[in-house]
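Here is a short briefing to read alongside the model. Please keep the sequence and the 3D view open as you go.

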Amino acid sequence: MFITRLIYCSELSGVDKDAITNILQVSRQKNAKAGITGMLLFNGVYFLQCLEGSRDAVNETYHRIVHDNRHSRPVLLTCEELSQRDFTDWDMAYVPWTAEIRSIVRCFSVDDEFDPYKLGAQSAIGLFRALRDRLPDNEFWSKPLQTA
Ligand SMILES: Cc1cc2nc3c(=O)[nH]c(=O)nc-3n(C[C@H](O)[C@H](O)[C@H](O)COP(=O)(O)O)c2cc1C
């Protein structure tokens, strides 16, 4: 079965940004069972998420996610076959919005504001790798911290 990576963005809708705690808890449980790894970036308004796993599992998960009414306007940035994963250790790493994150995001953006709808696929992939490589493991990844 092929390894597939899918990246999409969307916008928080109809719920408070504290909903992220529940989203992450359920996501991690389900992803662990489905062999999905990845990362979720959230700035309090927009989501940018990378899902990696078998083609079937990524498809099934993405279809579930796009029907979730806690967000809207899902846009697929890329979906492709991979020879290896970028996020082997994380059922769903969570990156809350901080000054440091903002400066990393700025390297991949056309302007100062984080707007994933303006992000090219290669920039999105580059951004996820930069976040993975430049942020400390233990602090950020597993805890749902403050969102803005
Ligand atoms: C921004 C966002 C990201 C999500 N990421 C995942 C994810 O990585 N994996 C997952 O299983 N569910 C994820 N969910 C939750 C799903 O939409 C869904 O609520 C959950 O999988 C439970 O589905 P079920 O009630 O049909 O079992 C996400 C939801 C949102 C709004």
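The notes below go from the whole chain to one helix and then to one loop residue.

This is a predicted model, in which local features need pLDDT of at least 70 and side-chain atom pairs count only at pLDDT 80 or more, while totals for chains, interfaces and linings use all residues. Residues are numbered from 1 along each chain as its sequence is written, and side-chain values use heavy atoms, with hydrogens and water left out.

**Overall fold**
- The protein chain has five helices and five strands, taken as DSSP runs numbered from the N terminus (helices: H or I, at least four residues; strands: E, at least two).
- Their order along the sequence is β-α-β-β-α-β-β-α-α-α.
- The radius of gyration of the protein chain is 14 Å, which agrees with the value near 15 Å for a compact globule of 148 residues; it is taken over C-alpha atoms, and the globule rule is 2.2 Å times the number of residues to the power 0.38.
- Along its principal axes, the C-alpha trace spans about 40 × 30 × 30 Å.

**Burial and contacts**
- Of the 148 residues, 45% count as buried (under 20% relative accessible area; exposed is over 50%, partly exposed in between; 1.4 Å probe, protein chains only).
- Among contacts (heavy atoms within 4.5 Å) between residues at least 6 apart in sequence, 81% join residues at least 24 apart.

**Annotated domain**
- An unreviewed UniProt entry carries the annotation "domain: BLUF" for residues 3–93; positions follow the numbering used here, feature names are shortened, and annotations may be inferred rather than shown by experiment.
- Residues 3–93 are 30% helix and 42% strand, and the end C-alpha atoms of the span lie 18 Å apart.

**Helix H2**
- The twelve residues of helix H2 (residues 55–66) should span 16 Å at 1.5 Å a residue, and the end C-alpha atoms are indeed 16 Å apart; the expected span is 1.5 Å times one less than the number of residues.
- Ala57, Val58, Thr61, Tyr62 and Ile65 are the buried residues of H2.
- Seen down the axis of H2, these buried residues fall within an arc of 125°, so they line one face of the helix; the arc is that of the directions from the helix axis to the C-beta atoms.
- The buried residues of H2 pack against strand S1 (3–12), helix H1 (20–34), strand S3 (46–54) and strand S4 (71–82).

**Asp112**
- Asp112 sits in the loop between helix H3 (99–107) and helix H4 (121–134), and is partly exposed, with a relative accessible area of 48%.
- Not counting residues up to four places away in sequence, Asp112 touches Arg102 and Arg106.
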